[in-house]
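These notebook entries record what I looked up in the structure shown below. I kept each entry short and noted the values as I found them.

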Amino acid sequence: MLHIGCHLSPSDGLLSMAKTASELGADTFQFFSRNPRGSKAKALDPSDAAAMQAYLAEHRFAPVLVHAPYTLNPCAGKAETAEFAELVMRDDLMRCTAMRTPFYNFHPGSHVGQGERVGIEKTAALLNRILTDETDTTVLIETMSGQGSEIGGTFEGVQAIIERVERQDRVGVCLDTCHVFQAGYDIVNDLDGVLNAFDRIIGLQKLRFIHLNDAKFACGMHKDRHEAIGLGQIGTDAFSRIVNHPALKDLPFCLETPHDQLQEYAQEIALVRGLTK
Ligand code: FE
Ligand code: FE
Ligand code: ZN
């Protein structure tokens, strides 16, 4: 069975969020570790976290994903900015461990003029400092669209970070369909070719999660603008091939599509489930 969900907010608590996911027809979801723009994290309630885990197990959820604030820049040139990213990510890994959420997804950062190589070295070094034995969470590097000076916009760039990480058991990839399409990987006309490239360069065993988003712009435009499934440049037929692909179909999929109402995610989850063969 397809594992799919959407991005949710834990504002009413972790258990409440899991119940909302269930009501939407989801069996996985993603949420921000803290305010996505800022740094403030609510104190973790261990009993709420335990209640969420019991609920997820009882309802046979696939693994859920915690997303780092997207404003962090782990490879920033400015020392305070990079140190702030490290502080937040280190704390988030402790929170994930306490919540028993297995995966922590982050954007590898923007090199802002330092050059891609320096960005890669800095992000990998940060991972090596925070992947300690105090936590058991696996970090997932999100594939990026290559907007501006983003690193992680090519499979080679993602692999260059991964191969520098000492704890190979604690690092993986979250593939965002909008981002890879924007980065120039044509998942509409050559899904097999793109996945073969991923396997050759990174290895499909590193792929742990999929962000399922349509894209507002054409392939290779490097513009990170998501669209609802079927309404963008990727389109329903391509999503049907994606969710049924033998290399992908058992992974958890998470929608990050633009909708105002939660109910629209219920419809979109049903739509994607309807694409499975
Ligand atoms: Fe993201
Ligand atoms: Fe994403
Ligand atoms: Zn995006």
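**Largest cavity**

I looked up the lining of the largest cavity and found L175, T177, V180, I187, L191, L195, I242 and L248. Helices α6 and α7 (191-201) each supply at least two residues of that lining. I noted a volume of about 50 Å³ for this cavity. The structure holds two cavities of 30 Å³ or more. I record here that the model is a predicted one.

**Iron ion (ligand 1)**

I then turned to the metals. Which residues coordinate the iron ion (ligand 1)? I found H67 through NE2, H107 through NE2 and E142 through OE, at 2.1 to 2.2 Å. Along the chain these donors follow the spacing H-x39-H-x34-E. H67 sits in strand β3 (residues 65-67), while H107 is in the loop between β4 (103-106) and α4 (116-130); the two are 40 residues apart, and the pair links distant parts of the chain. I checked the exposure of H67 and read a relative accessibility of 3%; H67 counts as buried because that value is under 20%.

**Iron ion (ligand 2)**

I listed the protein donors of the iron ion (ligand 2) as E142 (OE), D176 (OD), H211 (ND1) and E256 (OE), lying 2.0 to 2.3 Å from the ion. Their spacing along the chain is E-x33-D-x34-H-x44-E. What geometry does the site of the iron ion (ligand 2) have? The angles among its four donor atoms run from 84 to 172°, and the site is irregular. It does not count as tetrahedral, because that would require all angles to lie between 85 and 135 degrees. I placed H211 in strand β7 (residues 207-212) and E256 in the loop between β10 (252-255) and α9 (262-273), 45 residues apart. Both H211 and E256 are buried.

I also looked up how the two iron ions are related. E142 bridges the iron ion (ligand 2) and the iron ion (ligand 1), which lie 3.4 Å apart.

**Zinc ion (ligand 3)**

For the zinc ion (ligand 3) I found H179 (NE2), D224 (OD), D224 (OD) and H226 (NE2) as protein donors, at 2.0 to 2.7 Å. The spacing of these donors along the chain is H-x44-D-x1-H. The angles among the four donor atoms run from 51 to 138°, and this site is irregular. H179 belongs to helix α6 (residues 177-182), and D224 to the loop between β8 (214-215) and β9 (226-227), 45 residues apart. Are H179 and D224 buried or exposed? H179 counts as buried, at 1% relative accessibility, whereas D224 is partly exposed, with a relative accessible area of 23%. I noted 5.5 Å between the zinc ion (ligand 3) and the iron ion (ligand 1).

**Helix α9**

I examined α9 next. This helix has 12 residues and reaches 17 Å from its first C-alpha to its last, close to the 16 Å expected at 1.5 Å a residue. Its buried residues are Y265, A266, E268, I269 and V272. Their cover includes β1 (3-8), β7, α8 (235-244) and β10.

**P46**

My final entry concerns P46, which I located in helix α2 (residues 46-58). P46 is exposed, with a relative accessible area of 61%. From P46 to L65 I noted 19 residues in sequence and 18 Å in space, C-alpha to C-alpha.

How values were computed:
Residues are numbered from 1 along each chain as its sequence is written. Chains are lettered from A and ligands numbered from 1 in the order in which they are written. This is a predicted model: local features need pLDDT of at least 70, side-chain atom pairs count only at pLDDT 80 or more; totals for chains, interfaces and linings use all residues. Side-chain values use heavy atoms; hydrogens and water are left out. Donors are N, O and S atoms within 2.8 Å of the metal (3.2 Å for Na, K and Ca); water is not among the atoms, so sites may look incomplete. Four donors count as tetrahedral if all angles lie between 85 and 135 degrees; four count as square planar and six as octahedral if opposite donors are over 155 degrees apart and all others between 65 and 115; anything else is irregular. Helices (H or I, at least four residues) and strands (E, at least two) are DSSP runs, numbered from the N terminus. Buried means under 20% relative accessible area, exposed over 50%, partly exposed in between (1.4 Å probe, protein chains only). The expected span of a helix is 1.5 Å times one less than its number of residues. Contact means heavy atoms within 4.5 Å. On a 1 Å grid over the protein atoms alone, a cavity is a set of points where a 1.4 Å probe fits but cannot get out, and a pocket is an open set with protein on both sides within 12 Å along at least five of seven lines; lining residues have an atom within 4 Å of a point. Grid points are joined across faces, edges and corners, and a volume is the space filled by probe spheres set on the points.
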